[in-house]
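Here are a few exercises to work through with the model open in your viewer. Try each task before reading its solution.

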Amino acid sequence: MERRTLGAQGLEVSALGLGCMGMSEFYGAADDAESIATIHRALELGVTLLDTADMYGPFKNERLVGKAIADRRDQVVLATKFGNQRRDDGSWVGINGRPEYVRSACDASLQRLGVDHIDLYYQHRVDKQVPIEETVGAMAELVKAGKVRFLGLSEAAPATLRRAMRVHPISALQTEYSVFERSVEGEILTTCRELGVGFVAYSPLGRGLLTGAVSEPAQLGDADYRKSLPRFQGENLKENLGTVGVLEQLARAREATPAQVALAWLLHQGRDIVPIPGTKRRRWLEQNVAAAALTLTAAELNQLDQTAPAAGLRYKDMGTIDAG
């Protein structure tokens with residue numbers, strides 16, 4: 001698979017990564033054996049970037065990923081996150097960017113993952129009560145200690161990113177980006193490119209909407225987190241399915257899947273962009289990886305560029321997103 005570089009510090013990853021969140025929580029029942037097989041298959045296909053976080057599970061996902069890569073650590077660029085603090089029972093504590101928490105969270109992640117260093121360590125959400133300089137300062141100490149190789153931020157506003165960069169180089173910003181979620185195309189991507197920060201696109205398939213597999217909430221299980229999201233409800237869902245229809249039309253003409261078209265579109269947006277589609281099954285992984293070989297024409301890209309933005313907010317509560 002093609003390799004891309006995130007940031008100016010030399011972090012090289014596969015053009016497509018693998019989001020591991022859904023293997024342990026949020027999207028229905030877990031199947032650890034199939035999830036581990038999916039991670040192994042991803043590595044066989046040239047995917048190197050694995051994305052997890054301490055809050056997924058909570059804590060279960062890091063243990064799962066650690067188990068999967070125990071005998072193949074040298075094949076993996078391992079990314080995890082801190083900052084969304086949860087208890088063992090899954091209850092929510094809050095966003096925490098305090099320096100002492102940064103240090104303890106990193107040590108806990110290293111233990112769960114069973115590794116001696118994390119390749120890319122993100123602040124999952126910006127703590128608006130703690131100056132970003134203090135949080136990134138603590139993260140920089142982890143780099144000096146050899147516990148972390150590269151630093152990242154998730155859902156950080158351009159001004160926050162600029163302040164962070166004055167403390168320590170940031171290699172990647174991770175934010176939602178897809179055919180119908182374009183909010184990053186203004187100041188966020190411009191700032192990343194000005195500062196030499198790579199961009200990791202999470203939910204590049206719209207949490208499954210852009211695959212064409214979800215047409216009504218009833219298709220999602222009772223415990224599926226997506227049922228609570230505005231984009232999967234009522235009139236919003238009906239409008240969003242219009243975008244899916246465009247993808248399906250293009251996919252039929254190319255003998256591809258809507259997911260492959262959506263991922264190919266993202267890969268065409270710049271070599272500094274790395275999508276991390278999530279899946280817990282090998283068959284969907286293999287389809288997603290095949291998108292890396294799909295070249296869209298200028299007319300196809302233009303048609304997708306003209307699609308309507310998604311109806312409805314990304315989250316029910318956007319208060320945790322750094323918008324300033």
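**Exercise 1: Ser203**

At 12% relative accessibility, Ser203 falls in the buried class of this predicted model. Task: find where Ser203 sits in the chain and state the sign of its phi.

Solution. Start with the class: buried means under 20% relative accessible area, and Ser203 has 12%, so it counts as buried. Next, locate the residue: Ser203 belongs to the loop that links strand 11 (198-202) with helix 7 (234-254). Last, look at the backbone: phi of Ser203 is near 50°, a positive value in a residue other than glycine.

**Exercise 2: Glu255**

Task: decide whether Glu255 is buried or exposed, then describe its place in the chain and its phi.

Solution. Begin with the cut-off: exposed means over 50% relative accessible area. Glu255 has 78% relative accessibility and therefore counts as exposed. Moving to its position, Glu255 lies in the loop between helix 7 and helix 8 (258-267). Its phi is positive, at about 55°, although Glu255 is not a glycine.

**Exercise 3: The loop before helix 2**

Task: identify the kind of peptide bond that joins Gly57 and Pro58, and place Pro58 in the chain.

Solution. Check omega: it is about -10° for the bond joining Gly57 and Pro58, a cis peptide bond. Then place the proline: Pro58 is in the loop between strand 4 and helix 2.

**Exercise 4: The surroundings of helix 2**

Task: explain why helix 2 (residues 60-69) is described as largely enclosed, and name elements that cover its buried residues.

Solution. First list the buried residues of helix 2: Asn61, Glu62, Leu64, Val65, Gly66, Ala68 and Ile69. That makes seven of the ten residues of the helix, so helix 2 is largely enclosed by the rest of the structure. Then turn to the cover, which includes helix 1 (32-44), strand 4 (49-51), strand 5 (77-82) and helix 3 (99-113).

**Exercise 5: Helix 1 against helix 2**

Task: describe how helix 1 and helix 2 cross, and which residues make the contact.

Solution. Two packed helices are described by the angle between their axes and the distance between the axes. Here the axes of helix 1 and helix 2 come within 9 Å and cross at roughly 55°. The two helices are therefore oblique to each other, and helix 1 passes helix 2 in a right-handed crossing. Helix 1 contributes Asp32, Ser35, Ile36, Ile39 and His40 to the contact, while helix 2 contributes Leu64, Val65, Lys67, Ala68 and Ile69. Sorted by class, this contact has six nonpolar, two polar and two charged residues.

How values were computed. Residues numbered from 1 in each chain as written. Predicted model: local features only at pLDDT ≥ 70, side-chain atom pairs only at ≥ 80, totals over all residues. Heavy atoms only, no water. Buried < 20%, exposed > 50% of the residue type's maximum accessible area, 1.4 Å probe, protein only. Helix = DSSP H or I, 4+ residues; strand = E, 2+ residues; numbered from the N terminus. Contact = heavy atoms within 4.5 Å. Axes fitted to C-alpha atoms, helices over the stretch in contact; angles between N-to-C directions. Parallel < 35°, antiparallel > 145°, perpendicular 65-115°, else oblique. Left-handed = near helix turned anticlockwise from the far one by under 90°. Nonpolar A, V, L, I, M, F, W, Y, C, P; charged D, E, K, R; others polar.
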